[in-house]
Amino acid sequence: MSADPSIICPDHGSDLTSLLEERLPADVIRCIRAVCECSELTGIPACLVGGSVRDLLLGRRVVDLDVVVEGDGIAFAQELAGIGERELVPYSRFGTAFVMLPPGIKVDIATARRESYPEPGLLPEVEPASLHEDLLRRDFTINSMAIRLGPTGFGTFIDQHGGCGDLRAGIIRVLHEGSFRDDPTRILRAIRFRARLRYTLDVSTVDLLVQSVESGMLDEVSRQRIREEIVAILTEDDAADSLDTLSDMGVWDSLFKYDLTLPEEVKALFRRGDGALQWYRSLAQEHDFNEVERWVVRWLLLAGDSSADTFSRLSNDFHMGQAVSQAAGERAERYPRAHTILFDDSHVDSHGSSRRTDSTLYWTLTLLGPVSIVLLAGEGSQEVRTLLEDYFTRLKDIEPFVDGNDLKSMHLPEGPRIGEILREVFSAQIDGEVRNRTEALDLARHLARPSGKGR
Ligand code: ATP
């Protein structure tokens, strides 16, 4: 039993008006009042559901609102957008839309629905239904509670499946035996919520989960949907715990049939990755770099010793996206090279002077995307981070003194030699061997002579 005093466990039918007002910040309450007003105006019954209710009772921060209406969800969202003078954004899914209300609170509106699953893993066939049926199609008891917002009975708590009891007991439980068969992505959701809330999985739920995994149900789900759940898992603070459970319950092997073994010490790896990401983000703020997502770094960290080929293939199969494919591609050559330049002590000669020149650092790091940079920072000491910072703050944005047009005006024939010379002159500039355009042009002229190869 959880002894957390911030968990409130009201009876079905209780009035939660005061709890809403006590626990939710004023701007969230304003949004709830807007939904209530909309329900009164349209006569369409509306309830707060799912994660919003769960987090309210847990005393956790409620960020966005999930609302279900017994009627036309899109029409309701249109009306709500009018009240808040905002635009609605319809989803392609059945009768769902969201409205952003000030100061940036997302209100998800869905038409109450019943779902039937023609085959495991396929998206369900959907039709409008009562709130009661809508709550029945939810994943876990703790996500199946609701609070009525209008047009009457504001604040009434609805808990038909013992969600509150499970919340207090710290249990993740499916609503019915066929739940994982209907939607095997719930396997991943169960494991994610377990780790986030530090709950246990109900014994029968575990049996059903393991049976579903063993009978290969995850194979029936599109890779795109699996990807979304993996991303959600890897975004959470407690992702390493989820990965342990995925592995213990056979989910990991069932998903990734390639030779991808979970690296040892995932927790420590992720801790270092988070530290490096924090370091990168503070640099990024100052220098306007591209954002790097936490899950992307963690996915790359999971590559472990698997071959670069296997990992790239796996990432493509699961539609992991551009940032991942770039970093996965860099693993084969560019990353190991950068690793050697940054980490290998043989770059410091016997007199202690560094042969790791600014230009080697530049040419090595300029070929890497931000994710690889974060991974390098995660592997390295403060000294490595200082080198990386040096690259970003001093070297990265140096403008070359000479360009291709300068070389063309020296009547150099088209061909690869132009690129080689430009690179050599720019390297000399980065290393401080040429200090201005005149010196750079002199060097370029020297190199352009038939005998001028090499500095
Ligand atoms: P989070 O805090 O991660 O956003 P959440 O519970 O709000 O948690 P969402 O994915 O936003 O999660 O889903 C909102 C609600 O929709 C859930 O609380 C649950 O009731 C329902 N839901 C979401 N996915 C499923 C699913 N695969 N099967 C059944 N119900 C689902």
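**Notes on the ligand shell, two helices and some backbone features**

1. Gly-51 lies in helix 3, in what is a predicted model. With 18 other C-beta atoms within 10 Å, Gly-51 is partly exposed. Once its neighbours within four places in sequence are left aside, Gly-51 is in contact with Asp-66 and Asn-143. Gly-51 also comes to 8.3 Å from Ile-142, C-alpha to C-alpha, although 91 residues of sequence separate the two.

2. Gly-51, Asp-66 and Asn-143 reappear in the surroundings of the ligand, where the residues are Gly-50, Gly-51, Asp-66, Arg-138, Asp-139, Asn-143, Asp-183, Thr-185, Arg-186 and Arg-189. By class, this shell holds six charged residues, four polar ones and no nonpolar residue, a composition that may be of interest when the ligand's surroundings are set up for calculation.

3. Which helices each supply at least two residues of the shell around the ligand? They are helix 3 (50-58) and helix 8 (185-197), and the largest share, three residues, comes from helix 8. Because domain 1 (1-169) and domain 2 (177-255) both give residues to the shell, the ligand shell lies between these two domains.

4. The chain as a whole is divided into four stretches, namely domain 1 (1-169), domain 2 (177-255), domain 3 (266-394) and domain 4 (404-448). The centres of domain 1 and domain 3, taken over C-alpha atoms, are separated by 42 Å.

5. Returning to helix 3, its buried residues are Gly-50, Ser-52, Val-53, Arg-54, Leu-56 and Leu-57. These buried residues pack against helix 1, strand 1 (46-49), strand 2 (65-69), strand 8 and helix 6 (163-169). After helix 3 comes Gly-59, whose phi is positive, near 80°.

6. Helix 2 (residues 26-42) can be checked for its length: at 1.5 Å a residue its 17 residues should span 24 Å, and the end C-alpha atoms are indeed 24 Å apart, which agrees. The residues buried in helix 2 are Val-28, Cys-31, Ile-32, Ala-34, Val-35, Cys-38 and Ser-39. They cover an arc of only 150° around the axis, which puts them on the same side of helix 2. As a general point, an α-helix has 3.6 residues a turn, so residues three or four places apart point the same way. Helix 2 is followed by Gly-43, and the phi of Gly-43 is positive, near 75°.

7. Where do the buried residues of helix 10 pack? The residues concerned are Ile-226, Ile-230, Ile-233 and Leu-234. They cover an arc of only 90° around the axis, which puts them on the same side of helix 10. Their packing partners are helix 8, helix 11 (239-248), helix 12 (251-255) and helix 14 (294-301). The length of helix 10 (residues 223-235) also agrees with expectation, since its 13 residues should span 18 Å at 1.5 Å a residue and its end C-alpha atoms are 18 Å apart.

8. Two cis peptide bonds deserve a look. One joins Pro-102 and Pro-103, with omega about 5°, and Pro-103 is found in the loop between strand 4 (96-101) and strand 5 (105-111). Another joins Gly-150 and Pro-151, again with omega about 5°, and Pro-151 is found in the loop between strand 8 (146-150) and strand 9 (157-158).

9. Positive phi values occur in residues other than glycine as well. Arg-198, which is not a glycine, has a positive phi of about 55°; Arg-198 is found in the loop between helix 8 and strand 11 (200-201). Is Arg-198 buried or exposed? With 11 other C-beta atoms within 10 Å, Arg-198 is exposed. His-319 likewise has a positive phi, near 50°, and lies in the loop between helix 15 (308-317) and helix 16 (322-330). Because His-319 has 14 C-beta neighbours inside 10 Å, it counts as partly exposed.

10. A last point concerns Asp-11, which is placed in the segment before helix 1 (17-23). Asp-11 counts as exposed because it has 8 C-beta neighbours inside 10 Å, where 12 or fewer is the limit for that class. Asp-11 and Cys-164 are nevertheless 8.2 Å apart in space, C-alpha to C-alpha, with their positions 153 residues apart in sequence.

Key:
Residues are numbered from 1 along each chain as its sequence is written. This is a predicted model: local features need pLDDT of at least 70, side-chain atom pairs count only at pLDDT 80 or more; totals for chains, interfaces and linings use all residues. Helices (H or I, at least four residues) and strands (E, at least two) are DSSP runs, numbered from the N terminus. A residue is buried if 20 or more other C-beta atoms lie within 10 Å of its own, exposed if 12 or fewer, and partly exposed in between; C-beta atoms are placed from the backbone. A residue is near a molecule or strand if its C-beta atom, placed from the backbone, lies within 6 Å of it. Ala, Val, Leu, Ile, Met, Phe, Trp, Tyr, Cys and Pro count as nonpolar, Asp, Glu, Lys and Arg as charged, and the others, Gly among them, as polar. Domain bounds come from an automatic or database domain assignment. The expected span of a helix is 1.5 Å times one less than its number of residues. The arc is that of the directions from the helix axis to the C-beta atoms. Two residues are in contact if their C-beta atoms, placed from the backbone, lie within 7 Å.
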